[in-house]
Amino acid sequence: MLRQTLFMGLVMAGLLTALRAADDPGRAAHKGGAQTAPAPKPVHELQVVAGRFAYEPASLQVVAGEPVRLVVRSKDTVHGFSIPKLKIDERVPKGGDPVVIEFTAPPAGRYEIACSEFCGSGHKQMKAALISVAPTMTNQ
Ligand SMILES: [Cu+2]
């Protein structure tokens with residue numbers, strides 16, 4: 001089964017390459033040579049652990065404009081994970097089941113992350129930060 005799937009994959013890749021090669025001359029002429037589309041940006045995945053009364057890590061760095069996936073788990077009780085400026089607010093269940101939050105990294109700046117589910121005496125201090133930095137030539 002796996003072997004068959006791999007084989008089909010190779011055939012498809014071959015076909016696509018052939019099609020693209022056949023298609024190229026006309027398209028290149030039409031667009032004046034600018035036929036290479038930028039590769040889709042890979043998703044930046046970050047693992048976050050919520051626990052009384054902090055997030056680990058306390059600072060999440062992302063690059064403005066890149067697709068981000070946060071995988072948030074609780075190591076004890078129910079917590080919340082909110083980024084008010086981005087209108088993100090998720091409940092993180094106890095038991096460690098991951099909550100996946102996907103978004104596009106916002107413009108450069110600091111965005112506060114706060115617990116949005118009352119979780120005990122330190123709830124109000126349970127904060128972290130999303131730090132978005134401007135893209136540079138090296139990571140574009
Ligand atoms: Cu809390």
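Biologist: Which pattern does the chain follow, read along the sequence?

Modeller: Read that way, the chain goes α-β-β-β-β-β-β-β-β-β, so one helix and nine strands, where helices (H or I, at least four residues) and strands (E, at least two) are DSSP runs numbered from the N terminus. This is a predicted model, where local features need pLDDT of at least 70, side-chain atom pairs count only at pLDDT 80 or more, and totals for chains, interfaces and linings use all residues. Residues are numbered from 1 along each chain as its sequence is written.

Biologist: Where does P40 lie, and what makes P40 exposed?

Modeller: P40 sits in the loop between α1 (2-31) and β1 (44-51). A residue is exposed if 12 or fewer other C-beta atoms lie within 10 Å of its own, buried at 20 or more, partly exposed in between, with C-beta atoms placed from the backbone. P40 has 7, so it counts as exposed. P67, 27 residues away in sequence, is 9.8 Å from P40, C-alpha to C-alpha.

Biologist: What percentage of the chain is buried?

Modeller: Buried residues are 16% of the 140.

Biologist: How confident is the predictor, on average?

Modeller: The average pLDDT (the predictor's confidence in each residue, from 0 to 100) is 83, and 72% of the residues score at least 70. Residues 14-19 fall below 50, with zero contacts beyond near neighbours in sequence; a contact means C-beta atoms, placed from the backbone, within 7 Å. Residues 21-32 are also below 50, with four such contacts.

Biologist: Why go easy on the detail there?

Modeller: Where pLDDT is low, predicted coordinates shouldn't be read in detail.

Conventions
Contact = placed C-beta atoms within 7 Å.
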